[in-house]
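Visitor: I would like to understand how the labels on a model like this one are earned. Could you take me through a few of them?

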Amino acid sequence: MRIEVISLFPEWVEQVARHGMPRIAVEVGALSLHARDLRDSSGNRWRRVDDRPYGGGPGMVMEAEPLTAAVAAAKRSLGGAPRVVLMSPQGERFDQRWAERLAQEQSLILLCGRYEGLDERFVQAEVDFELSLGDFVLSGGELAAMVVIDAVARLLPGVLGHAQSAENDSFSNGLLDHPHYTRPETWRGQAVPEVLLSGDHARIARWRLKQALGQTWLKRPDLLEGIELDDEARTLLGEFISEQRVNG
Ligand code: 9D3
């Protein structure tokens with residue numbers, strides 16, 4: 001996948017590919033990332049890309065013309081018909097389904113807003129989707145774009161060591177993860193759950209599913225609304241809940 005990011009802080013955005021999965025994605029050739037400086041498309045000698053809001057009020061608004069020129073340059077560089085995604089507090093909430101959907105694209109243009117926002121006429125004319133990370137205030141879209149790049153990069157073919165670990169992900173099955181343990185076998189007097197030492201892989205898989213269901217029920221009951229549980233899962237969750245009452 002090829003991604004072009006349009007930003008006032010392109011050097012910052014490119015850092016996302018210096019570590020972790022996005023770096024591996026670049027190294028295996030699954031991802032190419034280029035961040036372009038919106039000021040290069042300002043069209044004026046002062047590299048100004050914003051102006052005062054019509055109607056008054058505080059702050060500045062990003063002008064339509066530099067944004068349009070930067071998107072056009074990114075499209076020329078990418079070829080094809082890339083989707084244009086605006087990172088914005090007004091966007092749809094970005095989640096794993098969005099990551100999976102974006103990972104199918106050949107190429108993407110991510111736009112990072114700053115100041116009070118972008119001229120709405122540009123948004124209407126050029127933006128395909130607006131995505132938000134959630135209900136909190138960032139100072140701009142750059143970190144949000146980096147989050148999207150990280151979440152998408154690890155889904156690209158050839159990036160994860162085993163394709164299996166992507167399927168085991170929390171959220172890809174709609175559940176939270178089960179708890180994890182490593183050595184030592186006893187820490188502060190607490191032993192690792194016996195089943196994990198049993199070598200009985202079917203029993204371990206059942207225990208993990210039961211814990212995943214139970215943790216989701218405890219911490220994120222909203223996630224359970226969205227999924228169909230089969231007979232085994234319903235039984236395991238029922239067991240978890242009755243054990244909770246006894247232990248709690
Ligand atoms: C102080 C300005 N705010 C007035 C109520 C509006 C506002 C404008 C621009 C708030 C934040 C921003 C910059 N944020 C983003 O560009 C952004 C964002 C976010 O703030 N939260 C969650 N997801 C995202 S994606 C892009």
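Visitor: What makes strand 3 and strand 4 a pair, and in which sense do they run?

Guide: Keep in mind that this is a predicted model. Two strands count as paired if there are at least two bridges between them. Strand 3 and strand 4 (residues 61–62) have two bridges, in the antiparallel sense, so they meet that cut-off. In one of these bridges, D51 has V61 of strand 4 as its partner.

Visitor: Why are strand 3 and strand 7 said to stand at the edges?

Guide: The open sheet is built from three strands in the order 3-4-7, with mixed pairing. Strand 3 (50–51) and strand 7 (117–118) each have a single partner strand, so one side of each has no neighbour in the sheet. In general, the strands of a sheet are joined through backbone hydrogen bonds, parallel or antiparallel.

Visitor: Let us turn to the ligand. How do you know that S132 makes a polar contact with the ligand?

Guide: The cut-off for a pair of N or O atoms is within 3.5 Å. An N or O atom in the side chain of S132 is 3.5 Å from a nitrogen atom of the ligand, so the pair counts.

Visitor: Which backbone atoms make polar contacts with the ligand?

Guide: L133 places a backbone N or O atom 3.0 Å from a nitrogen atom of the ligand. G141 has a polar backbone atom 3.2 Å from a ligand oxygen atom. As for cover, the ligand taken alone exposes 570 Å², and the protein buries 72% of that.

Visitor: Which residues come nearest to the ligand, and what classes make up the shell?

Guide: There are 17 residues around the ligand, and L133, G134, F136, L138 and G141 come nearest. The shell has nine nonpolar, seven polar and one charged residues. Strand 5 (83–93) and strand 8 (129–132) each supply at least two residues, and strand 5 gives the most, with three. The space that the ligand takes is the largest pocket.

Visitor: What makes the bond from R183 to P184 cis, and where is P184?

Guide: The omega of that peptide bond is near 5°. P184 belongs to the loop between helix 7 (163–168) and strand 9 (186–187).

Visitor: What is the phi of R47, and where is R47 found?

Guide: R47 is not a glycine, yet its phi is positive, about 60°. R47 is in the loop between strand 2 (32–37) and strand 3.

Notes
Residues numbered from 1 in each chain as written. Predicted model: local features only at pLDDT ≥ 70, side-chain atom pairs only at ≥ 80, totals over all residues. Heavy atoms only, no water. Near = heavy atom within 4 Å. Polar contact = N/O pair within 3.5 Å; in protein donor to acceptor, adjacent residues only side chain to side chain. Areas by Shrake-Rupley, 256 points an atom, 1.4 Å probe, with all protein chains shown as cover. 1 Å grid on protein atoms, 1.4 Å probe; cavity = no way out; pocket = protein on both sides within 12 Å on 5 of 7 lines; lining within 4 Å. Sits in = over half its atoms within 2 Å of the grid points. Helix = DSSP H or I, 4+ residues; strand = E, 2+ residues; numbered from the N terminus. Nonpolar A, V, L, I, M, F, W, Y, C, P; charged D, E, K, R; others polar.
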